[in-house]
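Student: I have a model open and want to walk through it. Can we take it piece by piece?
Tutor: Yes, go ahead and share it.

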Amino acid sequence: MKEEIIIAGFGGQGVLSMGKILAYSAVMQGKEVTWMPSYGPEMRGGTANVTVIISDERISSPIVHEYDTVIVLNQQSLDKFEHSVKKGGVLIYDPNGISHKPTRKDIRVYSIEATSESAKKGNTRVFNMVVLGGYLKVKPIVSLDSVDKGLRKSLPERLHHTIPANREAIRQGMELVKEEHV
């Protein structure tokens with residue numbers, strides 16, 4: 001098993017944190033992992049993405065040009081990375097702020113209303129966990145037990161009280177994600 005993923009959006013959306021939690025979750029399951037962030041100098045509002053590779057075997061290089069899964073959280077990221085999904089791969093996106101939907105017909109496309117759902121719940125900080133839940137529904141490459149362990153490992157101890165809310169957001173994302181037919 002080898003899964004190559006890129007998560008892309010604006011800084012402040014939790015893109016890097018989502019990748020970090022996914023990476024730690026895979027480590028907790030004994031998988032080989034790389035986590036490679038890329039972001040501009042802005043703290044919020046600039047572009048950010050993270051490449052995560054999860055494998056049963058050693059990973060020879062963290063550099064990837066085509067991905068099994070692309071998760072995009074804004075139009076700029078969709079425009080930049082839609083062509084990078086491997087044929088037969090998966091693209092997941094939040095339709096909030098997307099003016100031109102994905103158009104490829106040789107991939108599976110899923111949408112997840114993470115922005116509106118986390119706003120409805122009054123907790124926009126769990127937006128990225130809603131998206132992570134959607135991804136794990138489509139591609140259950142790590143167990144929810146491992147995600148709990150990944151949250152504990154990646155969040156500072158002072159934020160461990162947020163783990164139940166993050167866990168609930170992941171479950172919501174699993175229910176919200178839906179396949180689109182392009």
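**Strands, helices and cores**

Tutor: Asp-68 lies in strand S4, residues 67-72. Keep in mind that this is a predicted model.

Student: Is Asp-68 buried or exposed?
Tutor: Asp-68 has a relative accessible area of 15%. The cut-off for buried is under 20%, so Asp-68 counts as buried.

Student: Which backbone nitrogen does the side chain of Asp-68 reach?
Tutor: That of Glu-4, at 2.7 Å.

Student: And what is Asp-68 in contact with, leaving aside neighbours within four places in sequence?
Tutor: The contacts are Lys-2, Glu-3, Glu-4, Val-85, Lys-86, Gly-89, Val-90 and Lys-139.

Student: Let's move to the sheet. In what order do the strands come?
Tutor: The sheet is open, with 7 strands in the order S2-S3-S1-S4-S5-S6-S7, and the pairing is mixed. Its edge strands are S2 (32-39) and S7 (178-180), each of which pairs on one side only. Direction ignored, neighbouring strands are turned by 20° against each other on average.

Student: How many bridges join S4 to S5?
Tutor: There are 5, and the two strands run parallel. One residue to look at in S4 is Ile-71, whose bridge partner in S5 is Ile-92.

Student: Which helix packs on the sheet at S1, S2 and S3?
Tutor: H1 does, and its direction makes about 10° with that of S3.

Student: What about the pairing of S3 itself?
Tutor: S1 and S3 run antiparallel and are joined by 9 bridges. S2 also pairs with S3 in the antiparallel sense, over 8 bridges.

Student: Which residues stand opposite Ser-55?
Tutor: Lys-2 stands opposite Ser-55, and so does Glu-32.

Student: How many residues of S3 are buried?
Tutor: The strand is mostly covered, with 8 of its 9 residues buried.

Student: Back to H1. What is its length from first C-alpha to last?
Tutor: H1 has 14 residues and reaches 20 Å, close to the 20 Å expected at 1.5 Å a residue.

Student: Which residues of H1 are buried?
Tutor: Val-15, Met-18, Gly-19, Ile-21, Leu-22, Ala-23, Ser-25 and Ala-26. What covers them includes S1, S2, S3, H4 and H5.

Student: What follows H1?
Tutor: Gly-30 does, with a positive phi near 80°.

Student: Now the core. Which residues of the largest nonpolar core touch the most other members?
Tutor: Out of 36 residues, they are Ile-5, Leu-22, Ile-71, Ile-92, Leu-132, Tyr-135 and Leu-151. At least two residues of this core come from each of S1 (2-10), H1 (15-28), S3 (47-55), S5 (85-93), H4 (127-138), H5 (144-154) and H6 (163-176). H4 gives the most, with 8 residues.

Student: You mentioned Ile-92 earlier. What does Ile-92 touch?
Tutor: Not counting residues up to four places away in sequence, Ile-92 touches Val-70, Ile-71, Val-72, Tyr-110, Ile-112, Tyr-135 and Val-138. Apart from the largest core lies another core, of 16 residues, among them Ala-8, Val-64, Val-85 and Tyr-93.

Student: H6 came up in the core as well. Which of its residues are buried?
Tutor: In H6 the buried residues are Ile-163, Asn-166, Ala-169, Ile-170, Gln-172 and Gly-173. Their cover includes H3 (114-120), H4 and H5.

Student: What span should H6 have, at 1.5 Å a residue?
Tutor: Its 14 residues should span 20 Å, and the end C-alpha atoms are 20 Å apart, so the two values agree.

Student: Different spot: Lys-87. Buried or exposed?
Tutor: Lys-87 has a relative accessible area of 71%. The threshold for exposed is over 50%, so Lys-87 is exposed. Its place is in S5. Leaving aside neighbours within four places in sequence, Lys-87 is in contact with Arg-104 and Asp-106.

Student: How far apart are Lys-87 and Gly-9?
Tutor: They are 78 residues apart in sequence and 22 Å apart in space, C-alpha to C-alpha.

Student: Last one. Where is Ser-84 found?
Tutor: Ser-84 sits in the loop between H2 (75-81) and S5. With 7% relative accessibility, Ser-84 counts as buried. The side chains of Ser-84 and His-83 are joined by a polar contact of 3.5 Å. Beyond four places in sequence, Ser-84 is in contact with His-65, Glu-66, Tyr-67, Val-70 and Arg-104.

Notes:
Residues are numbered from 1 along each chain as its sequence is written. This is a predicted model: local features need pLDDT of at least 70, side-chain atom pairs count only at pLDDT 80 or more; totals for chains, interfaces and linings use all residues. Side-chain values use heavy atoms; hydrogens and water are left out. Helices (H or I, at least four residues) and strands (E, at least two) are DSSP runs, numbered from the N terminus. Buried means under 20% relative accessible area, exposed over 50%, partly exposed in between (1.4 Å probe, protein chains only). A polar contact is a pair of N or O atoms within 3.5 Å; within protein, one must be able to donate a hydrogen and the other to accept it, and residues adjacent in sequence count only if both atoms are side-chain atoms. Contact means heavy atoms within 4.5 Å. A nonpolar core is a set of buried Ala, Val, Leu, Ile, Met, Phe, Trp, Tyr and Cys residues joined through side-chain atoms within 4.5 Å. Two strands pair if DSSP finds at least two bridges between them. Axes are lines fitted to C-alpha atoms, for helices over the stretch in contact, and angles run from 0 to 180 degrees between N-to-C directions. The expected span of a helix is 1.5 Å times one less than its number of residues.
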